[in-house]
Amino acid sequence: MNARPLTVRADQPIGAAARALARHAVTALPVVDENARIVGVISEADVIARSSLTDPVGEAMSRVVALVHPETDVIELRAVLTRTAVKSLPVVDASDQVVGVVSRSDLVRAFSHDDERLEEDVADVLAHARVSGCQVRVRNGIVQLTGLDAIDGSRLAAILDAVVATPGVVAVRRG
């Protein structure tokens, strides 16, 4: 995920969006209102479909087809990206403010991690969280954790969140 998302405002000219798309080599940009809340997405296709680059972005943008939240897991992200035609999705917080953008290529990179390396990465996350006695097995990006039974609820939730956030993790299972 790009955690420093580039956005454009609905009242900016389409030409400004076109320059941002080209300069940053992205296929779409989240469009925000004056309060930085998501109102749409402008894509390369939206730009080239317009005859005037002086029209406001708000007239050319598409309404948001789908968006995700920071806590959206990779399996749900995959489902959204495969059932829609979009190549990237805005990541928004509870206030609908854009906090990132996640793309198909981000997902492909997540899936490209090899399982042995991912096991090491997850073991490092657990060591950093001072977890001992936990066994980690990874197959096709799915992490199987055993030996977490003695850890209390809130600490366990934090540990699982850290494991889920590890690049390449597709899902986490306990037991």
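Buried means under 20% relative accessible area, exposed means over 50%, and partly exposed lies in between (1.4 Å probe, protein chains only). Glutamate 76, with a relative accessible area of 37%, is therefore partly exposed.

This is a predicted model: local features need pLDDT of at least 70, side-chain atom pairs count only at pLDDT 80 or more, and totals for chains, interfaces and linings use all residues. Residues are numbered from 1 along each chain as its sequence is written, and side-chain values use heavy atoms, with hydrogens and water left out.

**The whole chain**

The protein chain has seven helices and eight strands. Helices (H or I, at least four residues) and strands (E, at least two) are DSSP runs, numbered from the N terminus. The C-alpha trace spans about 65 × 30 × 25 Å along its principal axes. Of the 175 residues, 37% count as buried. The accessible surface comes to about 10200 Å², and 50% of that belongs to carbon and sulfur atoms. Such areas come from the Shrake-Rupley method with a 1.4 Å probe; for residues, only the protein chains shown count as cover.

Contact means heavy atoms within 4.5 Å. Among contacts with a separation of 6 or more, 50% are between residues 24 or more positions apart.

**Helix α1 and what follows**

Helix α1 covers residues 14-24. Its buried residues are Ile14, Gly15, Ala16, Ala17, Ala20 and Leu21. What covers them? The cover includes β1 (8-9), β2, β3, α2 (44-48) and α3 (57-60).

Alanine 25 comes just after α1. It lies in the loop between α1 and β2. Its phi is near 50°, a positive value in a residue other than glycine. Most residues other than glycine have a negative phi. Alanine 25 counts as exposed, because its relative accessibility is 70%.

Alanine 36 also has a positive phi, near 65°. Its place is the loop between β2 and β3. At 34% relative accessibility, alanine 36 counts as partly exposed.

Aspartate 33 sits in the loop between β2 (28-32) and β3 (38-43). Is aspartate 33 buried or exposed? It is buried, yet has no salt bridge. The nearest side chain of opposite charge belongs to arginine 37, 4.7 Å away. Leaving out residues up to four places away in sequence, aspartate 33 touches Arg9 and Val39.

**Charges and salt bridges**

Lys and Arg count as positive and Asp and Glu as negative; His and the chain ends are not counted. The chain has 19 positive and 23 negative side chains. The centres of the two sets lie 2 Å apart. The place of a charge is taken as NZ of Lys, CZ of Arg, CG of Asp or CD of Glu.

A salt bridge is a side-chain nitrogen of Lys or Arg within 4 Å of a carboxyl oxygen of Asp or Glu. How many salt bridges does a search of the whole structure find? It finds six. The table includes some of them.

| Positive partner | Negative partner | Closest N to O |
|---|---|---|
| Arginine 50 | Glutamate 59 | 3.5 Å |
| Arginine 83 | Glutamate 76 | 3.8 Å |
| Arginine 117 | Aspartate 121 | 3.1 Å |

Arg50 and Glu59 also belong to a network of salt bridges with Asp55. Arginine 50 is partly exposed, because its relative accessibility is 27%. Arginine 83 is exposed, at 59%.

**Helix α6**

Arginine 117 and aspartate 121 both lie in helix α6, four residues apart, about one turn of the helix. An α-helix has 3.6 residues a turn, so residues three or four places apart point the same way. The two partners have their own accessibility values. Arginine 117 is partly exposed at 48%. Aspartate 121 is buried at 17%.

Glutamate 120 is in helix α6 too, which covers residues 115-128. At 47% relative accessibility, glutamate 120 counts as partly exposed. Which residues gather in a patch of negative charge on the surface? They are Asp114, Glu116, Glu120 and Asp124. Patches are made of residues with over 30% relative accessible area and no salt bridge; like charges are joined within 9 Å, and nonpolar side chains (Val, Leu, Ile, Met, Phe, Trp, Tyr) within 5 Å.

**Helix α5**

Alanine 110 is found in helix α5 (residues 104-111). At 14% relative accessibility, alanine 110 counts as buried. Alanine 110 and alanine 66 are 44 residues apart in sequence. In space they are 20 Å apart, C-alpha to C-alpha.
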